Amino acid sequence: MSESTDITRITVDGKEIILVGTAHISAQSVEIVVRTIENEAPDTVCVELDEPRFRAIRDEVNWQELNLVQIIRNKQTTFLVARLGLMAFQKRMSLYTGVKPGQEMLEATHTAERMGAELSLVDRDIQKTLLRAWRLTPFWKRSSLGAVLLAGMFQKSEVDESELESLREEHNINEILDELGGTLPDMKRVLVDERDLYMAHKIRSAPGTKIVAVVGAAHKPGIIRNWAAETTDAQVDAIDFVPDRGAFSKVLPWILPLIVIGLFVGGFFFGDPENFKRAAIAWVVANGTLAALGAALAFGHPLTIITAFFAAPITSLNPTIGAGMVTALVQTLIAAPTVRDMERVGDDVVNWRGVWSNRLSRILLVFVFSNIGSSLGTFVSFNWLIDLL
């Protein structure tokens with residue numbers, strides 16, 4: 001029996017499950033979640049969280065504990081950039097509604113504790129999900145994924161409760177998911193379909209005879225479908241791992257450097273000396289200048305900009321290290337983030353001025369822009385490298 005567009009009751013394996021579909025920045029969703037748990041007094045409350053996200057919303061990130069040098073050396077800077085990008089998007093959306101993203105999940109955990117209900121985290125580990133999404137998306141479609149995510153990060157459309165309510169309606173959700181499935185089917189399968197299956201199984205397996213499950217509205221239809229299909233442990237195990245990188249993904253980063261090195265070696269031994277000289281100069285100037293320009297656009301320290309010029313021509317030939325890794329490390333050592341930068345980064349990244357003025361986010365801009373500049377330099381210099389043939 002359906003009580004509203006947000007709440008659905010269903011009986012599975014002799015258990016009464018009250019499924020609550022939410023919008024993650026909706027004040028109304030927060031109220032519905034708290035009221036439902038209080039009124040139903042369930043044995044277990046299931047929430048669309050995994051352990052890392054649960055810790056993140058319960059204990060806000062302490063950026064002062066961030067070891068930036070270690071992150072750069074461990075090649076985790078890209079993940080930090082993505083993390084701050086997502087934070088910027090979430091902060092911007094929460095300004096329009098006055099509700100922090102995931103607030104309904106947080107209130108669900110608090111209400112479960114207050115009511116003496118058991119709490120069950122039913123979502124798949126976020127790192128597994130993201131790595132599966134990346135590795136199972138064909139290489140040629142990853143640029144589309146990046147474009148979609150980038151557009152979302154800087155989307156500034158205001159939303160209100162009436163629009164959020166319409167987003168929770170099933171026919172609107174289906175339209176959005178169909179559009180995503182048509183554009184990025186592999187991404188939709190990993191981010192939505194697999195998690196629907198995973199959460200359906202975990203909710204059905206939760207202890208007790210009465211369960212309130214709080215999930216994003218987009219997952220509600222899929223979870224109900226998976227209950228009807230009686231998901232098995234084997235199906236869950238099949239999607240609860242990170243696939244190895246494919247052979248193509250392992251080889252690809254080496255292809256371009258090996259081609260460039262091969263051209264230089266061939267040009268040195270068999271080509272015209274003047275052509276070789278021009279190609280070598282073009283390689284250094286194009287890579288170095290554009291990487292340095294990227295560091296300058298990020299308002300990098302002058303020494304960081306100089307480092308970008310000299311590092312890019314070398315790092316472009318070594319896929320294990322990028323120009324951005326070197327420049328970000330230099331920027332960190334020369335202009336380390338202050339305590340104020342660490343404390344305010346979450347607020348500063350909401351607007352462009354804050355992104356460039358905060359020392360922590362500026363380091364990440366240096367990383368991104370230096371890499372982009374170096375990559376552009378590699379392609380620009382190819383006109384001269386071809387002459388070596």
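Me: What is the sign of phi at E230, the residue that follows helix 11?

Reply: The phi of E230 is positive, near 55°. The model is predicted: local features need pLDDT of at least 70 and side-chain atom pairs count only at pLDDT 80 or more, while totals for chains, interfaces and linings use all residues. Residues are numbered from 1 along each chain as its sequence is written, and side-chain values use heavy atoms, with hydrogens and water left out.

Me: What makes a stretch such as helix 11 a helix, and which of its residues are buried?

Reply: Helices are DSSP runs of H or I with at least four residues, strands are runs of E with at least two, and both are numbered from the N terminus. Helix 11 covers residues 220-229, and its buried residues are K220, P221, G222, I223, N226 and W227.

Me: Why is V214 called buried?

Reply: Buried means under 20% relative accessible area, exposed means over 50%, and partly exposed lies in between (1.4 Å probe, protein chains only). V214 has a relative accessible area of 0%, so it is buried. V214 belongs to strand 5 (residues 210-216). The C-alpha atoms of V214 and S29 are 9.9 Å apart in space, although the two residues are 185 apart in sequence.

Me: How do you know that R9 and E40 form a salt bridge?

Reply: A salt bridge needs a side-chain nitrogen of Lys or Arg within 4 Å of a carboxyl oxygen of Asp or Glu. For R9 and E40 the N to O distance is 2.3 Å, so the pair qualifies. The two residues come from distant parts of the chain: R9 is in strand 1 (residues 7-12), E40 is in helix 1 (residues 27-40), and they are 31 residues apart. E40 has 13% relative accessibility and therefore counts as buried. R9 also forms a salt bridge with E16, at 2.6 Å between the closest N and O atoms. E16 is at 29%, so it is partly exposed. The whole structure holds 15 salt bridges.

Me: What makes R55 and E51 a salt bridge, and where do they lie?

Reply: Their closest N and O atoms are 3.9 Å apart, so the pair falls within the cut-off. Both residues are in helix 2 (residues 51-58), 4 residues apart, which is about one turn of the helix. R55 counts as partly exposed at 46% relative accessibility, and E51 does so at 40%. Elsewhere, E48, D50, R53, D123 and R195 are joined into one network by salt bridges that share partners.

Me: Why are helix 6 and helix 10 called roughly antiparallel?

Reply: Angles run from 0 to 180 degrees between N-to-C directions, and axes are lines fitted to C-alpha atoms, for helices over the stretch in contact. Under 35 degrees counts as roughly parallel, over 145 as roughly antiparallel, 65 to 115 as roughly perpendicular, and the rest as oblique. Helix 6 (residues 126-136) and helix 10 (residues 185-204) pack at about 150°, with axes 8 Å apart. That value makes helix 6 roughly antiparallel to helix 10.

Me: What makes helix 1 and helix 5 parallel or antiparallel?

Reply: Helix 1 packs against helix 5 (residues 103-115) at an angle of about 20°, with their axes 9 Å apart. Helix 1 is therefore roughly parallel to helix 5.

Me: Why is F270 called exposed or buried?

Reply: F270 has 76% relative accessibility, so it counts as exposed. F270 is found in helix 13 (residues 247-270).
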